[in-house]
Amino acid sequence: MFDPLSRLATRVLYASSQLPRAAWYGAHLYLIRQLAAQVRQRDVKGSTQRSRSNPTLQRRLDRDMLRLFAQDLANVEAGIYPLPADHDGSLFARLERSLLFFRDLPAIEERRKRNATHEVLTAKTRSRRPDYYLQNFHFQTGGWLTEDSAERYDTQVEVLFKGTANAMRRQALPPLAEAFKGRDQRKLRLIDLGCGTGRFLDFVKQAWPRLPALGLDMSEAYIDHARRHLRRWSRINFVLANAEAIPAPDNSYDAVTSIFMMHELPSKVRWTVIGEAARVLRPGGRLVLVDSLQRGEEPHYDAMLDWFPQRYHEPYYQSYVNEDFVAIGRRSGLVHRGDAKAFVSKIMVFDKI
Ligand SMILES: C[S@@+](CC[C@H](N)C(=O)[O-])C[C@H]1O[C@@H](n2cnc3c(N)ncnc32)[C@H](O)[C@@H]1O
């Protein structure tokens, strides 16, 4: 759909936004590793211990990361969504968020050493949310509950994925585009479960500005952040709710999405949430899930799937990587349309029949 000049301009614009972004977050990761190496040396006096690096794995990760960017750009060139705007804010805002992120690292390390995983589970918080939710996921300060946690979240995720988290989220858009094709976006409805700080909904609105969308999350702080982040858009609302009981009638949505939430749920809850997604979908409606790769899908990454939940306190990750999503879908009346890989994530697509 592009003439050669527009194609070149698109590629230059894409590269000039995504590559510096990857370098920015990659530099954060590099710095953290250097700091960690110094701490290790200090802790183990005279130690010759080095961090284990695996050049073959690193090359694969770099290759898959480039493939993700190539796919993202191909989607833009195919007209599936416009050139993405990540809306990371000014340099000053990014620096402020980086400071917040780096300042929290010692507390995270301390929590990791003590295996302190339930600081946010108190008599006060317990009455309002299920216990599985009230944990310091990723050993992060405040769990999902505080304003600072919401402010730090996107830096944490982008650093972990070297600036590719948004590009992975965008890979949920092609199956939505397929489902929405030829239909009036104003008459469709989408709900994003566990919307967090709203980064995915931003890309939904960039692709379909007039699509009515609802973000659901159990964290007031994350929803407040999402509301602020998405204030440029109309026809977008938020609801504070548990995805195990979506406050919506049966057959009321054309699309349900959930990005990076499935691995945060106990298996039983995962089944309930997907059952709820199926309930609120209209017949013919589509469910798109984006989350980590599962065991065996990329055998070279399997060791990483073992290491990750220990390092980042992900209590339900092991059950996630072994979960049979096709069976869950089937039990809920959803037909599995297929999966796609995107760097270290996968996109799962289901339709309600
Ligand atoms: C890892 S974050 C993912 C956020 C966002 N979707 C993204 O793309 O980064 C998980 C989110 O799910 C929310 N969450 C976890 N369990 C939930 C539940 N049962 N109901 C609603 N939200 C939940 C958390 O509050 C958090 O915002």
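Guide: Before we look around, one definition will help: two strands are said to pair if DSSP finds at least two bridges between them. Please also keep in mind that this is a predicted model.

Visitor: Okay, so which residue stands opposite I191 in β2?

Guide: That is L214, which faces I191 from strand β2. The two strands involved are β1, residues 190-193, and β2, residues 213-217, and they are joined in the parallel sense over four bridges.

Visitor: And what stands opposite I191 in β4?

Guide: On that strand the residue opposite I191 is V256, and the pairing of β1 with β4 is again described by four bridges in the parallel sense.

Visitor: What is the strand order in the open sheet?

Guide: The sheet has seven strands in the order β3-β2-β1-β4-β5-β7-β6, and its pairing is mixed. Strands β3, residues 236-240, and β6, residues 334-342, stand at the edges with a single partner strand each, so one side of each has no neighbour in the sheet. On average, neighbouring strands are turned by 15° against each other when direction is ignored.

Visitor: What does "mixed" build on, in general, and how do strands of a sheet pair?

Guide: Strands of a sheet pair through backbone hydrogen bonds, and they can do so either parallel or antiparallel. Here, β4 and strand β5, residues 281-292, run parallel and are joined by six bridges, with A255 standing opposite R286 in β5. By contrast, β6 and strand β7, residues 345-352, run antiparallel and are joined by eight bridges, and there H336 stands opposite F350 in β7.

Visitor: How many residues sit between the strands in the hairpin of β6 and β7?

Guide: There are two residues between the strands of that hairpin, and F343 takes a positive phi near 55° in it.

Visitor: Where else does a residue have a positive phi near 55°?

Guide: N251 is one of them, with a phi near 55° although it is a residue other than glycine, and F260 is another case of a residue other than glycine with a phi near 55°. As background, most residues other than glycine have a negative phi.

Visitor: Is N251 buried or exposed, or in between?

Guide: In between: N251 has a relative accessible area of 39%, and it counts as partly exposed because that value lies between the limits of 20% and 50%. N251 is found in the loop between β3 and β4. F260 sits in the loop between β4 and α10, which spans 267-280, and at 10% relative accessibility F260 counts as buried.

Visitor: How many residues of β4 itself are buried?

Guide: Strand β4, residues 253-259, is mostly covered, with seven of its seven residues buried.

Visitor: Switching to helices, which one packs on the sheet, touching β2 and β3?

Guide: That is helix α9, residues 220-229, and its direction makes about 170° with that of β3.

Visitor: What about α3 and α5, what is the angle between them?

Guide: Helix α3, residues 91-114, and helix α5, residues 147-160, pack at an angle of about 90°, with their axes 9 Å apart. That angle makes α3 roughly perpendicular to α5.

Visitor: Which residues in α3 and α5 meet?

Guide: From α3 there are R97, L100, F101, D104 and I108, and they meet D148, E151, R152, T155, Q156 and V159 in α5. Sorted by class, this contact has four nonpolar, two polar and five charged residues.

Visitor: Where does F325 sit?

Guide: F325 belongs to helix α13, residues 325-331, and it counts as buried at 4% relative accessibility. Leaving aside neighbours within four places in sequence, F325 is in contact with M262, R270, I274, L289, Q294, Y320, M348 and F350.

Visitor: Zooming out, how many helices and strands does the protein have?

Guide: The protein has 13 helices and seven strands. Its radius of gyration is 20 Å, close to the 20 Å given by the globule rule for 353 residues, so the protein is as compact as a globular protein of that length.

Visitor: And what share of its residues is buried?

Guide: Buried residues make up 51% of the 353 residues. Among contacts with a separation of 6 or more, 74% are accounted for by residues 24 or more positions apart.

Notes
Residues are numbered from 1 along each chain as its sequence is written. This is a predicted model: local features need pLDDT of at least 70, side-chain atom pairs count only at pLDDT 80 or more; totals for chains, interfaces and linings use all residues. Side-chain values use heavy atoms; hydrogens and water are left out. Axes are lines fitted to C-alpha atoms, for helices over the stretch in contact, and angles run from 0 to 180 degrees between N-to-C directions. Contact means heavy atoms within 4.5 Å. Angles under 35 degrees count as roughly parallel, over 145 as roughly antiparallel, 65 to 115 as roughly perpendicular and the rest as oblique. Ala, Val, Leu, Ile, Met, Phe, Trp, Tyr, Cys and Pro count as nonpolar, Asp, Glu, Lys and Arg as charged, and the others, Gly among them, as polar. The radius of gyration is taken over C-alpha atoms; the globule rule is 2.2 Å times the number of residues to the power 0.38. Buried means under 20% relative accessible area, exposed over 50%, partly exposed in between (1.4 Å probe, protein chains only).
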